[in-house]
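Got the viewer open? Please load the model, switch on the cartoon view, and keep your selection box handy.

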Amino acid sequence: MKRIKTAVIGTGFMGRVHLEALRRTEFVDVVAVAGRKPEAAEKLGSGFAVPAAGFEQILLDPQIDAVHICTPNALHYAMVKDGLLAGKHVLCEKPLAINVGEARELVELASQKKLRNCICHNLRYYPMVQQMRAMREAGELGDILAVQGTYSQDWLLYDTDWNWRVDAKAGGPSRVMADIGSHWFDAVEQITGLRVTSLCADLQTFHRTRKRPKHARETFANKMISVEVYIEEPVETEDFGAVMFRMGKRVRGSMTASQVAAGRKNGLRIEVYGSKSSVAWSQERPDELWIGHRNAPNQIILKDPSLLDGEARKFADLPGGHSEGYDDTFKQIFRRFYASIRETKTAIEYPQFADGLRQMTILEAELKSHQSRAWIDVPNEK
């Protein structure tokens, strides 16, 4: 069978994560790395024996089948569009774009070009997240009543913490809700099979100015870098967000997202409460799933493929007692994306650009709600 050739665009934290996961993906060869700075692409690519190339050069190469867009958010729309117009299958880091109009255009273009397209909501692919979904589908939870949770981090706690995501020109008008809140809502809608229909959001920027270092930093590297010369920069994007929401007429929910929560490194937590039982999962303890009962002892089950639901089992490659974490979720999503390129009749088992548009729709409703201090209906984008 023909091996698929791909290229990674972006040399920061996510570019490296994608490169590492692609090396674990069957029948896929990474043949080029590109970045805004050629020297950064050469440095990253050298460790993986992958040559550096320019973005335009990659698009013109007929041997390259697909591209991964791992650049700052504001560049996604143009790069994805250029990739599709060049006939490449495209996998893009979230968010897909910085507004609904751009995202909708990319959905339509991918459809017109009949190209595979994926938005990297990889957190769906933890085995225990899939187990939650399977339990709901099997009726074990009963009717969903409420959904709660958080996505809390601490890497931007201080005003001396800086990353390109802080700058609205690079990251878009939202930071916390776009960067991590979108992961939470994507996972919750998939687990429950329900869609957010209306919401009320409150956002807060605790640091109205931040000290930007004169030299670029990689994402999450703040705590390992000594004090240097800073430039005081105004901040427009939020540090924290709280959202109440409705899923249809009956289901109610609430969530918070924060990048200033001291001690929370990657604290994604999802709780789903049903009329029969409940489930709760934390990304910081990914192999554990809490199951709550009214009239029987609660349970904590550990990831073991032989004991998971048949559908969830497909997302676990290692036996019980062998942890599968963040990097494995990328392997799972990439495997499914490239399988659909290799065999066109393969079922689509990954989030597509339409899912990225869905999260942009929720995000714009959150921003509108915060600005108007009111409940906002969320359109049901298809």
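What follows is a tour of several stops, each with something to select and something to look at. Bear in mind along the way that this is a predicted model.

**First stop: helix H6**

Select residues 127-137, which make up helix H6. Is this helix enclosed or open? Of its 11 residues, 8 are buried, so H6 is largely enclosed by the rest of the structure. To see them, colour Pro127, Met128, Val129, Gln130, Gln131, Met132, Ala134 and Met135, the buried residues of the helix.

Now bring up what lies over those residues. The cover includes two helices, H8 (176-192) and H9 (310-313). It also includes the strands E12 (267-274), E13 (277-282), E14 (288-293) and E15 (299-302). Before leaving, click on Gly139, just after H6, where phi is positive at about 85°.

**Second stop: Gln190, from H8 back to H6**

Keep H6 on display and add Gln190, which sits in helix H8. With a relative accessibility of 12%, Gln190 counts as buried, because the cut-off for buried is under 20%. Which residues does Gln190 touch beyond those up to four places away in sequence? They are Arg124, Gln130, Arg133 and Arg136.

Zoom in on Gln130, one of the buried residues of H6. The side chains of Gln190 and Gln130 make a polar contact of 3.4 Å. Along the chain these two are 60 residues apart, while their C-alpha atoms are separated by 9.0 Å.

**Third stop: H8 against H11**

Stay with H8 and select residues 353-372, helix H11. The axes of H8 and H11 come within 10 Å and cross at roughly 115°. Turn the view until you look down through the crossing, which is right-handed.

Next, show the side chains on both sides of this contact. From H8, pick Met177, Ala178, Ser182, Phe185, Asp186 and Glu189. From H11, pick Asp355, Arg358, Gln359, Ile362, Leu363 and Glu366, which they meet. Coloured by type, the residues of this contact divide into 5 nonpolar, 2 polar and 5 charged.

**Fourth stop: Asn380**

Keep Arg358 of H11 selected and add Asn380, in the segment after strand E16 (376-377). Asn380 touches Arg358 and also Arg195, leaving out residues up to four places away in sequence. The side chains of Asn380 and Arg195 are joined by a polar contact of 2.7 Å. Is Asn380 buried, exposed or partly exposed? Its relative accessibility is 45%, so Asn380 counts as partly exposed. For a sense of scale, draw a distance from Asn380 to Gln259: the two are 121 residues apart along the chain, with 29 Å between their C-alpha atoms.

**Fifth stop: two strands from the cover of H6**

Return to strands E13 and E15, both part of what covers H6. In E13, select Ser277. At 7% relative accessibility, Ser277 counts as buried. Outside its neighbours within four places in sequence, its contacts are Glu140, Leu141, Gly292 and His293.

In E15, select Ile300. Here the accessibility is 58%, so Ile300 counts as exposed. Ile300 touches Glu288, Leu289 and Trp290, again not counting residues up to four places away in sequence. From Ile300 to Leu289 the C-alpha distance is 5.5 Å, with their positions 11 residues apart in sequence.

**Sixth stop: Thr205 in its loop**

Go to the loop between strands E7 (198-204) and E8 (209-213) and click on Thr205. Thr205 counts as buried, at 6% relative accessibility. Excluding residues up to four places away in sequence, Thr205 touches Val235, Glu236, Thr237, Glu238 and Asp239. Look for the backbone oxygen of Thr237, which is 3.0 Å from a polar atom of the Thr205 side chain.

**Last stop: helix H10**

Finish by selecting residues 326-342, helix H10. From first C-alpha to last, its 17 residues reach 25 Å, close to the 24 Å expected at 1.5 Å a residue. How many of these residues are buried? The count is 12 of 17, and H10 is mostly covered. Among the buried ones are Phe330, Phe334, Phe337 and Tyr338, along with Asp328, Lys331 and Arg336. Show what covers them and you will find, among others, helix H1 (13-22) and strands E1 (4-9), E2 (28-34) and E3 (66-69).

Methods. Residues numbered from 1 in each chain as written. Predicted model: local features only at pLDDT ≥ 70, side-chain atom pairs only at ≥ 80, totals over all residues. Heavy atoms only, no water. Buried < 20%, exposed > 50% of the residue type's maximum accessible area, 1.4 Å probe, protein only. Helix = DSSP H or I, 4+ residues; strand = E, 2+ residues; numbered from the N terminus. Contact = heavy atoms within 4.5 Å. Axes fitted to C-alpha atoms, helices over the stretch in contact; angles between N-to-C directions. Left-handed = near helix turned anticlockwise from the far one by under 90°. Nonpolar A, V, L, I, M, F, W, Y, C, P; charged D, E, K, R; others polar. Polar contact = N/O pair within 3.5 Å; in protein donor to acceptor, adjacent residues only side chain to side chain. Expected span 1.5 Å × (residues − 1).
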